[in-house]
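Here is a friendly walk through some of the helix packing and the core of this protein. Keep the structure open beside you as you read.

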Amino acid sequence: MPSPEEKLPPEGLIIDLVTPLTPAGDLDGASLSRLLERAAAVADALLVGGPEAGEGLALPDDLRINLMTQALTALQGRRPLFACITAETPEETRELARAVRKVIDGLEYGGQVFLADLPLWYHSNRGLPQFYEKLLEETGLPLILLNLPEVVVQRAFLFKHRNLRTHVVKKLADLPMIMGMIYQGEMRRFLNYHLAAVARPTFFFYEADEHRFLTRPGAWGVVSAGAQLYPEAWQRVTQACLHPEEIAQDFDARHQLWQESSRLTNLAGLYRPAPAPLLKAALMAQGILASDAAAPGTPPPPPPQKQKLLDFPAVVS
């Protein structure tokens, strides 16, 4: 098995995919195939079954495993895949991680696969490094941490903290199979996490807040759900944000970048209140999804918000 250093995560645009469902609640394989083809053409990696746009926390395990299987089969190693394994308990999360490993082995898959996990959904900060030591030993797969306090707040009554503690991040960064973090939250905490992982120069940090990345780019890349709607623009803007020297002397390119960034910022504000159902409605309007069906328990967006998104020029271009 290759060492973790030979399978570093990618820099750039990570597209957080919705999970296409039929009105009956099954995985819509044809819509998933169309969505994967669109995203794989521009993304540096794909996140499937994520806790926000992907509705992973609301989907049954068998559907999530089917989602991983179909995604890997369609990708054929063309792009790295971040497979979200977060479940309701530590035991269920480990079972899902083992299932991903089994799918990879069954397909004899040779592409890059990273587990992605939101640990504070089901586990406190206490004992987290020990938990991951065992999980990673069992699966042999690299892992990307998720720190998403806006998601964890839904279960805040279970545990004291909504964010990973900085001293815990330091211990987690010492585990070579933990390769990075998708981060959402305050800039001060973000900088503290960077300092905690300073001994790991290849510990990747991805920005989960699209608006902040567009206005104050940094880190190694961005996790964007909106890139499903406006993929080429997100690709151009991400590249320019991470490598501004490439257009430093080109006034026309910088002006175009500013215009596209402004459109993407406005677009992000429209789907942020309910990303999964709103993005599905827009993707259905674009002909990518056959249905905008959401997982059971996903609140529907306010009708005016949905219409504003569908009327936005970037959605129908």
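## Helix 11 against helix 12

In this predicted model, helix 11 (residues 275-285) and helix 12 (residues 303-311) meet at an angle of about 40°, and their axes lie 10 Å apart. Angles under 35 degrees count as roughly parallel, so helix 11 and helix 12 are classed as oblique to each other. The crossing of helix 11 past helix 12 is right-handed.

If you would like to find the contact on screen, helix 11 contributes Leu278, Leu279, Ala281, Ala282 and Ala285, while helix 12 brings Gln305, Lys306, Leu309 and Leu310. Sorted by class, this contact holds 7 nonpolar, 1 polar and 1 charged residues.

## Helix 4 against helix 6

Now turn to helix 4 (residues 128-139) and helix 6 (residues 166-173), whose axes come within 9 Å and cross at roughly 25°. Helix 4 and helix 6 are therefore roughly parallel to each other, and their crossing is right-handed.

On the helix 4 side you will find Leu128, Pro129 and Tyr132, which meet Val168, Lys171 and Leu172 of helix 6. This contact comprises 5 nonpolar residues, no polar ones and 1 charged.

## Tyr132 and the core

Tyr132 deserves a second look: along with Phe82, Tyr132 has the most contacts inside the largest nonpolar core, a set of 110 residues. In soluble globular proteins, nonpolar side chains tend to be buried together.

Which residues does tyrosine 132 contact, leaving aside neighbours within four places in sequence? They are Asp117, Pro119, Tyr122, Leu143, Leu145, Leu172, Leu175 and Ile178. Leu172 is one of the helix 6 residues already met in the contact with helix 4.

Methods: Residues numbered from 1 in each chain as written. Predicted model: local features only at pLDDT ≥ 70, side-chain atom pairs only at ≥ 80, totals over all residues. Heavy atoms only, no water. Axes fitted to C-alpha atoms, helices over the stretch in contact; angles between N-to-C directions. Helix = DSSP H or I, 4+ residues; strand = E, 2+ residues; numbered from the N terminus. Parallel < 35°, antiparallel > 145°, perpendicular 65-115°, else oblique. Left-handed = near helix turned anticlockwise from the far one by under 90°. Contact = heavy atoms within 4.5 Å. Nonpolar A, V, L, I, M, F, W, Y, C, P; charged D, E, K, R; others polar. Core = buried A, V, L, I, M, F, W, Y, C linked by side-chain atoms within 4.5 Å. Buried < 20%, exposed > 50% of the residue type's maximum accessible area, 1.4 Å probe, protein only.
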